[in-house]
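The following exercises concern helix packing and chain contact. Each task sentence is followed by a solution that goes step by step.

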Amino acid sequence: MEPDPQLVQHCLQGDGLAWEKLVRLHTRRIYNICYRFTGHRHEAEDLTQEAFLRIYGGLSKFQPEQGALTTWMTSVTRNLLIDHHRRTKRDRITDSMEDAPQVETKRAPGRLPDQIALDSELSDQVQRALAKVSPELREAVILRDLQGFEYSEIQKVLGVPEGTVKSRINRGRIELAKRLEEMGLRPA
Amino acid sequence: MEPTRHNWSCEETEAQLTEYLDGTLAASTRAQVEAHVASCARCASMIANVGALVRSLAQLEPVAEPPNLASAILEATLGPRRGKSDWRAWFGWLRPLSQPRFAYGAVSVMVTVSVISQALGIQWRAPAVADLHPANVAHVANREAHQVYARGVKLVSDLRLVYEIQTRLQPASETRQTTETPAETPAEAIPSGHTGPQHLINLIDHNFPALHQASLKFHPRQRRSFE
């Protein structure tokens with residue numbers, strides 16, 4: 001696979017195919033961050049588009065020596081989400097799951113339908129519980145437990161010390177576990 | 001429940017939770033956490049719940065993005081697609097045709113066309129423009145239709161003839177069987193020439209005039225003669 005800095009360089013030189021590759025590589029990840037944060041499919045779709053517009057416009061600001069492209073793109077997305085959150089003044093997103101998207105099943109084609117249904121149900125319940133967690137704890141849990149970021153990467157994305165990152169993840173997890181328990185769900 | 005040992009509070013335990021679950025705590029701190037958990041049901045439950053939650057979240061599959069999202073982003077950033085992928089847009093409508101149901105449909109249409117063209121007398125090996133002339137097509141179709149009708153009529157009349165023969169031969173056969181006495185041995189009951197092909201030949205010979213009349217009834221053809 002082409003290294004990120006090289007891919008970005010090609011994008012900056014006007015290589016449309018390089019940009020297309022980058023978009024297709026990161027769309028799902030950025031969409032998932034937006035969806036898990038907002039809890040709304042359509043909002044997440046619009047925000048993902050807006051995030052890529054920002055990324056496209058700010059590619060020249062990406063500095064490989066300061067971190068991976070994924071971290072920088074996540075940082076841009078996170079700033080957008082904060083702006084969106086402030087704009088909408090929504091501390092608690094609705095727990096309506098009418099437009100919950102399907103959990104992706106392609107990565108595990110051997111799974112039984114029952115397991116897929118359980119995963120989908122768990123995904124919905126996690127989303128409902130996340131909606132009740134404060135935004136700053138929510139984003140920490142999303143980045144760590146759903147996106148699999150390292151603490152150092154989260155530190156760069158959030159712009160806070162590592163101790164604060166761990167503290168937010170800690171509190172976010174405890175809060176989320178409590179919310180799930182209130183909903184009658186205890187992860188096995 | 002309040003902590004009872006090592007002056008280690010629930011808050012302190014909570015603060016160490018992430019590193020405890022990551023397994024990155026120093027041995028002494030870990031021992032203190034475990035000592036507290038052993039005596040605090042609330043913290044024990046919390047660690048179990050959060051541990052299970054972290055494992056569940058790690059296994060959760062990402063949600064699927066809307067199918068056209070990447071294309072919409074590319075269009076918003078690069079404008080309408082051009083260049084290498086242009087031909088994909090032009091032939092994009094052909095993509096659904098690669099599905100099996102369309103292949104089955106295509107085969108079905110080909111077979112139908114083949115049957116119809118054969119019925120219309122179109123020679124694919126040596127195609128001629130004249131074959132497609134409406135008058136020729138109508139003529140061939142008319143001829144084929146008549147032939148099919150004639151074959152059908154002949155088949156029906158043949159079947160009726162066979163039925164007629166069977167019904168005429170049946171009573172004679174049954175009569176013969178009923179007149180035979182039960183006391184006769186099987187060997188005596190089936191005398192030579194009374195069963196099998198020879199018996200049928202004898203019956204047909206015997207009933208030939210009647211069968212001939214029946215045949216004429218179903219096939220009232222003109223008598224062939226050399227005259």
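**Exercise 1.** Determine what share of chain A is buried and which elements build the chain.

Solution. Of the 188 residues of chain A, 39% count as buried (20 or more other C-beta atoms within 10 Å of the residue's own, with C-beta atoms placed from the backbone; 12 or fewer is exposed, and in between is partly exposed). The model is predicted: local features need pLDDT of at least 70 and side-chain atom pairs pLDDT 80 or more, whereas totals for chains, interfaces and linings use all residues. Residues are numbered from 1 along each chain as its sequence is written, while chains are lettered from A and ligands numbered from 1 in the order in which they are written.

Next, assign the elements, which are DSSP runs numbered from the N terminus (helices H or I, at least four residues; strands E, at least two). Chain A has eight helices and zero strands.

**Exercise 2.** Identify which element gives the most to the largest nonpolar core.

Solution. A nonpolar core is a set of buried Ala, Val, Leu, Ile, Met, Phe, Trp, Tyr and Cys residues joined through C-beta atoms within 7 Å. The largest one has 59 residues, and among those touching the most other members are Cys34(A), Leu176(A) and Val50(B). Helix α2 (residues 16-38) of chain A gives the most, with nine residues.

Then follow Cys34(A): leaving aside residues up to four places away in sequence, its contacts are Ala44(A), Leu47(A), Thr48(A), Thr77(A) and Leu81(A) (contact: C-beta atoms, placed from the backbone, within 7 Å).

**Exercise 3.** Describe how α2(A) and helix α4 (residues 69-88) of chain A are arranged.

Solution. The two axes come within 11 Å and cross at roughly 30 degrees (lines fitted to C-alpha atoms, for helices over the stretch in contact; angles run from 0 to 180 degrees between N-to-C directions). Therefore α2(A) is roughly parallel to α4(A), a term for angles under 35 degrees.

For the residues, His26(A), Ile30(A), Ile33(A), Cys34(A) and Phe37(A) of α2(A) meet Met73(A), Thr74(A), Thr77(A) and Leu81(A) of α4(A). By class, this contact has six nonpolar, three polar and no charged residues (nonpolar: Ala, Val, Leu, Ile, Met, Phe, Trp, Tyr, Cys and Pro; charged: Asp, Glu, Lys and Arg; polar: the others, Gly among them).

**Exercise 4.** Analyse the contact between chains A and B.

Solution. Chain A gives 42 residues and chain B 30 residues. On the side of chain A, the largest share, 11 residues, comes from α2(A). By class, that side divides into 21 nonpolar, nine polar and 12 charged residues.

How values were computed:
Contact = placed C-beta atoms within 7 Å. Parallel < 35°, antiparallel > 145°, perpendicular 65-115°, else oblique.
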